[in-house]
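Okay, thanks everyone, I'll keep this short. Let's pull the structure up and go through it together.

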Amino acid sequence: MQVGGGRKAYDDINITPMLDLAYVLLVIFILMATASVQGIKVDLPKASSAKSLVQPKTIALTVNDQGQIFMDAFPVTLPDLETRLRNAKASNPDVPIVLKGDTTTQYGKIMEVLDLCRRLDLAKVGLVTGKPTGT
């Protein structure tokens with residue numbers, strides 16, 4: 001004969017709602033982390049004052065430390081970059097361009113990109129710099 005009328009004690013905790021919340025937060029954090037990526041990470045040179053050229057349709061050109069050229073985080077060759085910039089200028093003649101170059105990049109690669117922008121008559125070209133530290 002059982003004491004207590006045959007009832008079993010309820011000692012399990014239902015963790016399903018907690019796991020649902022954890023999965024939703026995980027998805028949110030993954031989406032936010034990937035949404036914050038803006039191109040290729042480079043070590044920018046420092047400047048004390050700089051005017052920002054960032055606008056909604058700004059084209060970001062990046063030259064990394066190996067001399068590779070990226071347009072909006074996609075690797076391109078110099079002839080391919082010329083074609084893409086010509087297309088961008090055809091749709092918007094005053095398209096702003098920002099150029100990011102790593103501090104260890106060969107100066108000649110950055111000059112090739114700047115010379116290409118000059119040949120295409122792209123007037124709104126800016127160089128991206130970082131803020132100086134400790135001054």
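I'll start with the chain as a whole and then move on to one strand and its partners.

Just so we're clear, this is a predicted model. The chain has three helices and five strands, and if you walk along from the N terminus, the order is α-β-β-β-α-β-α-β.

A few overall numbers. The chain has 135 residues, and 24% of them are buried. Its accessible surface is about 10,300 Å², with 59% of that coming from carbon and sulfur atoms. On contacts: take the ones between residues at least 6 apart in sequence, and 72% of those join residues at least 24 apart.

Okay, now strand S1, residues 59-63. So how many of its five residues are buried? Four of the five, so to speak a mostly covered strand.

And which strands does S1 pair with? On one hand there's S4, residues 97-101: that pairing is parallel, with five bridges. On the other there's S2, residues 69-71, where the strands run antiparallel and three bridges join them.

If you want one residue to look at here, pick Thr62. In the S4 pairing, Thr62 sits opposite Lys100. In the S2 pairing, Thr62 sits opposite Phe70.

Last stop is the hairpin that S1 makes with S2. There are five residues between the two strands, and in this hairpin Gly67 has a positive phi, near 90°.

That's it from me, happy to rotate the view if anyone wants another look.

Definitions and conventions: Residues are numbered from 1 along each chain as its sequence is written. This is a predicted model: local features need pLDDT of at least 70, side-chain atom pairs count only at pLDDT 80 or more; totals for chains, interfaces and linings use all residues. Side-chain values use heavy atoms; hydrogens and water are left out. Buried means under 20% relative accessible area, exposed over 50%, partly exposed in between (1.4 Å probe, protein chains only). Two strands pair if DSSP finds at least two bridges between them. Contact means heavy atoms within 4.5 Å. Accessible areas come from the Shrake-Rupley method with a 1.4 Å probe; for residues, only the protein chains shown count as cover.
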